[in-house]
Amino acid sequence: MTPKLHPRTGLDLRTLLDVAYEQARIGLDEGGIPIGAALFAADGTLLGAGHNRRIQDDDPSAHGETDAFRAAGRQRDYSSTIMVTTLSPCWYCSGLIRQFGIGTVVIGENRTFYGGEDWLHENGIEVIVLDDQRCVEMMSDYITTHPQVWNEDIGVADDADSAE
């Protein structure tokens with residue numbers, strides 16, 4: 001796979017995405033929704049990684065980005081950090097990114113779900129979409145196999161009789 005270098009830092013964004021992708025695979029293997037994320041320092045140091053744990057922890061706020069953010073612990077300043085996520089961040093996670101001023105968001109894919117990335121960009125956050133086929137396939141397969149769980153995750157009401 002051809003490297004995709006960050007224009008300012010020179011970091012290989014696909015290598016950073018590999019960490020988030022592995023987290024998504026872990027979540028899937030645990031029976032959860034396959035969304036992974038990782039927060040990196042500007043020099044590429046991994047600060048924290050995590051994955052969606054809504055199913056595993058019965059916690060609707062345990063999204064991939066929030067899990068990675070929590071794993072990173074407190075940072076004095078987030079403006080130079082890079083949040084890498086396998087899927088376009090939802091409004092909840094976009095709010096977290098905006099609230100703490102995370103400087104860059106790298107998105108694995110936004111075909112299966114398009115979250116708050118335009119809003120983030122409009123508010124001065126660098127948004128880079130890699131359109132990674134692995135992420136597209138993993139999420140597409142999950143949505144096809146578990147549509148009720150997916151609809152619950154994105155806040156779409158579903159027929160209660162067909163819930164998983």
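Let's start with a contact that joins two helices: R54 forms a salt bridge with E152, and their closest N and O atoms are 3.7 Å apart. This pair links distant parts of the chain, with R54 in helix α2 (residues 54–57) and E152 in helix α7 (residues 147–153), 98 residues apart. The two partners sit in unlike surroundings. R54 is buried, with a relative accessible area of 8%, while E152, at 47% relative accessibility, counts as partly exposed. Please keep in mind as you follow along that this is a predicted model.

How many salt bridges does a search of the whole structure find? The search finds seven, and the R54 to E152 pair meets the criterion of a side-chain nitrogen of Lys or Arg within 4 Å of a carboxyl oxygen of Asp or Glu.

Another of these contacts takes us towards the start of the chain. R8 forms a salt bridge with E126, and here the closest N and O atoms are 2.9 Å apart. R8 lies in the segment before α1 and E126 in strand β5 (residues 126–129), so this contact ties together parts that are 118 residues apart in sequence. R8 itself counts as exposed, at 61% relative accessibility.

Next, turn to helix α1. D18 forms a salt bridge with R134, with 3.1 Å between the closest N and O atoms. Because D18 lies in helix α1 and R134 in helix α6 (residues 133–145), the pair ties together parts that are 116 residues apart in sequence. Both partners have some accessible area: D18 counts as partly exposed at 36% relative accessibility, and R134 counts as partly exposed at 25%. There is also a third member to add to the picture, since D18, D132 and R134 are linked in a network of salt bridges.

While you are in helix α1, have a look at V19, which is placed in that helix too. At 27% relative accessibility, V19 counts as partly exposed. The C-alpha atoms of V19 and T9 are separated by 18 Å, with the two residues 10 apart along the chain. Just outside the helix, L11 is found in the segment before α1. Is L11 buried or exposed? L11 is buried, because its relative accessible area is 15%, which falls under the 20% cut-off for that class. The C-alpha atoms of L11 and L46 are separated by 12 Å, and these residues are 35 apart along the chain.

L11 also brings us to the annotation. UniProt, in an unreviewed entry, places the feature "domain: CMP/dCMP-type deaminase" at residues 11–127. In the model, the end C-alpha atoms of residues 11–127 lie 15 Å apart, and the span is 39% helix and 21% strand. One residue to visit inside the span is G95, placed in helix α4 (residues 91–100). G95 counts as partly exposed at 26% relative accessibility. From G95 to G116, 21 residues along the chain, the C-alpha atoms are separated by 8.4 Å.

Now for the charged surface. A negative surface patch is formed by E22, D29, E30, D57 and D58. Where does E30 sit? E30 is in the loop between α1 (13–29) and β1 (36–40), and with a relative accessible area of 40% E30 is partly exposed. D58, another member of the patch, is placed in the loop between α2 and α3 (64–72). D58 is exposed, with a relative accessible area of 70%.

D58 deserves a second look for its backbone. Most residues other than glycine have a negative phi. Phi of D58, however, is near 50°, a positive value in a residue other than glycine. D131 shows a positive phi as well, of about 50°, although D131 is not a glycine. D131 is placed in the loop between β5 and α6, and with a relative accessible area of 37% D131 is partly exposed.

That loop leads back to the contacts we began with. Strand β5 holds E126, the partner of R8, and helix α6 holds R134, the partner of D18.

Notes
Residues numbered from 1 in each chain as written. Predicted model: local features only at pLDDT ≥ 70, side-chain atom pairs only at ≥ 80, totals over all residues. Heavy atoms only, no water. UniProt positions renumbered as here; feature names shortened; annotations may be inferred. Helix = DSSP H or I, 4+ residues; strand = E, 2+ residues; numbered from the N terminus. Patch = residues over 30% accessible without salt bridge, like charges linked within 9 Å, V, L, I, M, F, W, Y side chains within 5 Å. Areas by Shrake-Rupley, 256 points an atom, 1.4 Å probe, with all protein chains shown as cover. Lys, Arg positive; Asp, Glu negative; His and termini not counted. Charge placed at Lys NZ, Arg CZ, Asp CG, Glu CD. Buried < 20%, exposed > 50% of the residue type's maximum accessible area, 1.4 Å probe, protein only.
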